[in-house]
Amino acid sequence: MADSPFYNALRRHLSLGRSSFHTPGHKNAFLPKDLLSLDLTELPDTDSLYDACGPILEAEQNAAHLFGAKRTLFSSDGCTLCIQTMLHLACPEKGKVLCSRRIHRSAVNTMALLGLEPVWVKPQELLLYLQSPVQVNACYVTSPDYYGRVLDIPALAKACKEKGIPLLVDNAHGSHLAFTKPDLHPLHLGASMTADSVHKTLGVLTGGALLQIGDEQFLKNAKSAMALFGSTSPSYPIMASIDLTVKWLFEHPDAFGPVEGSIFKLKEKAASLSIPSIGDDPTRLTLDASSHGYSGEELAEFLRKNGVEPEMADSRYCVLIATPWNQPEDFERVEKALKLFSELPQKETLASNSDLPQLEELPPVVLPLREAVLSENHELPVEESVGAICAEAACPCPPGIPIVMPGELILPEAASLLKDYGFSTVKVL
């Protein structure tokens, strides 16, 4: 008889007893144990997600009230479904989308499927482009990013309004920012629509997300647009977990205050140990291990050995996500582990760049995105790919930001950066 390797692996991991500083935000401590018994379907008294007129509609209206949205739609297909819906509502008949290069590959794939033409710019160039006469149909950005850095959403929203286009925000890592001080949720700062991955930082089962609509022009066809892409078998336990979390947040509007305080103390402690941190999210700890000569991966492994499981790590940073369901002893473990880390023999300090390695200049686009994604492709060793056309978003994960986009020419600098991130092959046309 076959074993259950995946199930067993999950049980083994839980038995390690590490403090969870990763998604999902409920930390296996918030949701009721009977959710599996609620794994139902569309029945006369349980409503239907894409034709919601009963309890699901009421639950969505409660969420809209909580977040101050004109309309909020539930998704049990993750933030990807919200991104697909958002882009389709903004550009129903194709068009150009101004995109920050700091973008998740799900948005890249969505634009390919919808036949949209992305106009790639670096995050710091967005405002300059919006103030130029070049015409686009929408502006799409990610804020906050994986490291907790936020863009100047009010300035972007103002520029988009003056240009007469919607500002769309991938807010996957920022649904909780509606409850922090200051309030950094992009919907409240002027975004037209946001995609919120509520399972990441709120008490929701993995796969739970919300499409938040702040602009009335996108209300009419929102449900039918989501139905184009969503599964016809949405998860009722996931939707129930969203409903429960909305209720809890109404009852505990200041729940993130103590989390902010705990993270602030950890940032101060880390700084006193010469471990700097970055980011604007007051509930996220993004530690820079390079000052001690270590990589983010090495710091993450050290934390694991000391009972702390981080969210992600890369060549420089280690990211920890905290929510109201972390316990005081979790933060104590982090503080103790950082003290021990600071006592390790210091290696030669790594090069201190202001950011992760990135391209100086964006690669030239030589083929439309849709054509590049849907054409036949093959794999080449990275070192042999220079001069070829990229066929798939070459995306290190973490941090989930593509280096080369489909339809772009792979230049020597991009190939070198892919090698640095551990890529051995890349898909090309």
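I will talk first about the sheet in this structure and then about its aromatic rings. Please keep in mind throughout that this is a predicted model.

Let me start with the sheet, which is open and is formed by seven strands in the order E2-E8-E7-E6-E5-E3-E4, with mixed pairing. Its edges are strand E2, residues 71–75, and strand E4, residues 116–121, each of which pairs on one side only. On average, and ignoring direction, neighbouring strands of this sheet are turned by 20° against each other. Within the sheet, strand E6, residues 167–170, runs parallel to strand E7, residues 193–196, and three bridges join the two; here Leu168 stands opposite Met193 in E7.

Two helices belong in this picture as well. Helix H6, residues 153–163, lies across strand E5 and E6, and runs at about 150° to E6, while helix H9, residues 236–251, packs on the sheet, where it touches E2 and strand E8.

Turning to the rings, the count comes to nine aromatic pairs. One of them joins Phe21 and Phe331, whose ring centres are 5.6 Å apart and whose planes stand at 75°, so the pair is edge-to-face. Phe21 is in strand E1 and Phe331 in helix H12, 310 residues apart, which makes this a link between distant parts of the chain, and both residues are buried.

Phe67 and Phe179 also form an edge-to-face pair, with 5.5 Å from centre to centre and 65° between the planes. Phe67 lies in helix H2 and Phe179 in the loop between E6 and E7; Phe67 is buried at a relative accessible area of 1%, and Phe179 is buried at 11%.

Finally, Phe30, Trp248 and Trp325 form one aromatic cluster, and the charged end of Arg101 sits over the ring of Trp120, 5.6 Å from its centre.

Methods:
Residues are numbered from 1 along each chain as its sequence is written. This is a predicted model: local features need pLDDT of at least 70, side-chain atom pairs count only at pLDDT 80 or more; totals for chains, interfaces and linings use all residues. Side-chain values use heavy atoms; hydrogens and water are left out. Two strands pair if DSSP finds at least two bridges between them. Helices (H or I, at least four residues) and strands (E, at least two) are DSSP runs, numbered from the N terminus. Axes are lines fitted to C-alpha atoms, for helices over the stretch in contact, and angles run from 0 to 180 degrees between N-to-C directions. Contact means heavy atoms within 4.5 Å. Rings of Phe, Tyr and Trp (its six-membered ring) pair if their centres lie within 6.5 Å; planes under 30 degrees apart count as stacked, over 60 as edge-to-face and the rest as tilted. Buried means under 20% relative accessible area, exposed over 50%, partly exposed in between (1.4 Å probe, protein chains only). A charge sits over a ring if NZ of Lys or CZ of Arg is within 6 Å of the ring centre and within 35 degrees of the ring normal.
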